[in-house]
Amino acid sequence: MRLREELPDFPGITEWVNGQVTKADLQGSPVLVHFWSVSCYMCKESLPNINEWRDKYAANGLKVIGVHMPRSEKDTDMEAIKAAIAEYELTHPVAIDNEMKTVDAFQNEYVPAFYLFDENLQLRHFQAGEKGLNLVKKRLFRILGIEEES
């Protein structure tokens with residue numbers, strides 16, 4: 001995806017955990033979509049940060065959506081995915097995308113990957129890899145209109 005492109009919908013989701021969302025549900029809110037995989041160590045390392053932002057910035061309107069993207073056939077095991085969602089306390093909506101249709105809609109190739117959309121659902125920042133979390137956070141503050149923490 002290119003910057004300023006509009007948030008795609010979430011086509012072909014195998015199953016939603018913690019509630020289903022549509023693009024229409026997200027209109028008017030800043031949105032962080034994070035792609036992760038149950039077999040990705042770096043993804044699991046970033047999940048506590050995602051949870052912290054979800055809770056801390058909910059009052060600022062932030063919506064967080066997880067998309068589980070399988071990296072192998074083993075990663076399509078629904079019970080393993082749901083166990084990881086519970087273990088890492090992912091209480092936000094998580095789309096399990098075993099057919100990779102949402103992955104394709106986002107043109108995503110990476111896990112972890114972070115797509116940050118403004119309240120008009122235009123892409124404002126993309127980052128892949130856990131090292132980019134600080135860059136995502138900087139852009140998140142800008143979109144939310146809040147001062148950076150020191």
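A residue counts as partly exposed when its relative accessible area lies between the buried class, under 20%, and the exposed class, over 50%. Lys 101 falls in this middle class because its relative accessible area is 42%. The structure in which Lys 101 sits is a predicted model.

Lys 101 is a starting point for looking at the charged pairs. Its side chain forms a salt bridge with Glu 99, and the closest N and O atoms are 3.1 Å apart. Glu 99 has a relative accessible area of 52%, and is therefore classed as exposed, the cut-off being over 50%.

The structure has five salt bridges in total. Another of them joins Glu 6 to Lys 23, with 2.6 Å between the closest N and O atoms. Glu 6 belongs to the segment before β1 (15–17) and Lys 23 to helix α1 (residues 23–26), so this pair ties together parts that are 17 residues apart in sequence. Both ends are partly exposed: Glu 6 has a relative accessible area of 47%, and Lys 23 has a relative accessibility of 22%.

A further salt bridge is formed by the side chains of Glu 15 and Lys 82, at 2.7 Å from N to O. Here the two partners come from distant parts of the chain, 67 residues apart, with Glu 15 in strand β1 and Lys 82 in helix α3 (residues 78–87). Glu 15 is partly exposed at 30% relative accessibility, and Lys 82 is likewise partly exposed at 28%.

The next residue to look at is Tyr 115, which is part of strand β5 (residues 113–117). Is Tyr 115 buried or exposed? With a relative accessible area of 2%, Tyr 115 is buried, because the limit for that class is under 20%.

What is Tyr 115 in contact with, once its neighbours within four places in sequence are left aside? Its contacts include Met 1, at the start of the numbering. Val 31, Leu 32, Val 33 and Phe 35 are also among them, as are Phe 106, Gln 107 and Asn 108. Leu 123, His 125 and Phe 126 complete the list.

Two of these partners can be described further. The side chain of Asn 108 is joined to that of Tyr 115 by a polar contact of 3.1 Å. Phe 126 is eleven residues from Tyr 115 along the chain, and the C-alpha atoms of the two are separated by 4.7 Å.

Notes: Residues numbered from 1 in each chain as written. Predicted model: local features only at pLDDT ≥ 70, side-chain atom pairs only at ≥ 80, totals over all residues. Heavy atoms only, no water. Salt bridge = Lys/Arg side-chain N within 4 Å of Asp/Glu carboxyl O. Helix = DSSP H or I, 4+ residues; strand = E, 2+ residues; numbered from the N terminus. Buried < 20%, exposed > 50% of the residue type's maximum accessible area, 1.4 Å probe, protein only. Contact = heavy atoms within 4.5 Å. Polar contact = N/O pair within 3.5 Å; in protein donor to acceptor, adjacent residues only side chain to side chain.
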